[in-house]
Amino acid sequence: MTDTHTHLDGNEFDADRDEVVARAREAGISRVFIPAIDLPSVETVLNVCHRYPGYAYPMLGLHPEEVRADWREALQAIRQRLVEPEVLRETIAVGEVGIDYYWSREFEKEQLEAFEQQVQWAVEFQLPLMIHCRKGQQELVRILRRYERDLPGGVFHCFTGNEHEAAELLSFDRFVLGIGGVLTFKKSHLPEVLPAVVPLSRVVLETDAPYMAPVPMRGKRNESAFVRFVLQRMAQCYGVSEEEVARQTDENVSRVFPKVAI
């Protein structure tokens with residue numbers, strides 16, 4: 001199994017990061033992908049990935065909620081690190097990037113510009129995208145359409161939408177949906193949405209740790225070992241074995257992230 005989205009570099013794990021990784025390995029998590037969210041996190045992400053070589057893999061980008069007045073300088077500095085030969089060789093995706101109008105539209109225009117620039121990076125370096133989107137799917141899709149032919153693919157992280165939204169995102173053939181703890185929530189409609197319109201070949205597993213812990217761990221700090229609860233619920237939804245979900249989602253990871261050894 002692969003946790004395609006965990007903030008293992010966060011200070012929430014500073015006291016017991018080795019133990020968190022050990023529990024994940026014990027739970028059958030064979031690799032984890034870690035996204036940067038801003039310029040400082042580029043270094044923490046790279047440092048954690050160097051600490052767990054062949055297990056933790058970096059994704060570099062500027063998160064939409066971190067797009068502020070100085071976004072151009074931040075983006076330029078992230079790119080300067082990305083293009084360093086060793087860093088570019090290690091980096092498996094551009095992320096976490098996207099559009100988020102959930103809390104505020106103060107930097108609406110800036111978010112759009114920052115996202116489009118990073119989509120251009122994905123085309124330039126042929127790296128998949130790790131995309132975050134809340135309350136901005138229409139704008140996000142509009143930008144992606146301009147580059148659809150040249151993009152290598154990516155993940156729509158933390159998908160929680162309806163059947164129409166799923167179908168629209170899956171119209172991008174080389175992209176998949178990232179499914180995490182929300183699938184296990186009592187009021188979630190994902191158990192109905194996924195088998196209705198989303199083939200198992202178009203999903204990957206994630207935690208978004210330390211956030212969004214699945215049932216039965218809600219209210220606790222999320223960690224990669226908890227992917228197993230998402231996998232169990234997904235197997236129930238699709239009516240297949242847990243082994244089949246693990247096999248198919250890892251096959252999807254291999255297809256979307258070709259730089260990662262599966």
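## Around Leu 144

Leaving aside neighbours within four places in sequence, which residues is Leu 144 in contact with? In this predicted model, the list runs to Phe 115, Val 119, Leu 129, Ile 131, Leu 151, Phe 156 and Phe 172.

One name there is worth holding on to: Leu 129. Together with Leu 144, Leu 129 has the most contacts inside the largest nonpolar core.

## The nonpolar cores

That largest core has 75 residues. Looking for where they come from? Helix H9, which covers residues 227–238, gives the largest share, with 7 residues.

Apart from this core lies another one, made up of 13 residues. Met 59, Val 176, Val 204 and Val 253 are among them.

## Rings that pair up

Now for the aromatic rings. Searching the whole structure turns up 6 aromatic pairs. One of these is Phe 226 with Phe 229, a tilted pair whose centres are 6.0 Å apart, with 55° between the planes. Both Phe 226 and Phe 229 are buried.

There's a trio to look at as well: Phe 33, Tyr 57 and Phe 257 form one aromatic cluster.

## Charges over rings

Two arginines are worth finding here. Arg 145 has its charged end over the ring of Phe 172, 4.0 Å from the ring's centre. You've met Phe 172 already, as one of the contacts of Leu 144.

The other is Arg 134, and its partner is Tyr 102: the charged end of Arg 134 sits over that ring, 4.4 Å from the centre.

Notes: Residues numbered from 1 in each chain as written. Predicted model: local features only at pLDDT ≥ 70, side-chain atom pairs only at ≥ 80, totals over all residues. Heavy atoms only, no water. Phe/Tyr/Trp six-rings, centres within 6.5 Å; stacked < 30°, edge-to-face > 60°. Buried < 20%, exposed > 50% of the residue type's maximum accessible area, 1.4 Å probe, protein only. Lys NZ or Arg CZ within 6 Å of the ring centre and 35° of its normal. Core = buried A, V, L, I, M, F, W, Y, C linked by side-chain atoms within 4.5 Å. Helix = DSSP H or I, 4+ residues; strand = E, 2+ residues; numbered from the N terminus. Contact = heavy atoms within 4.5 Å.
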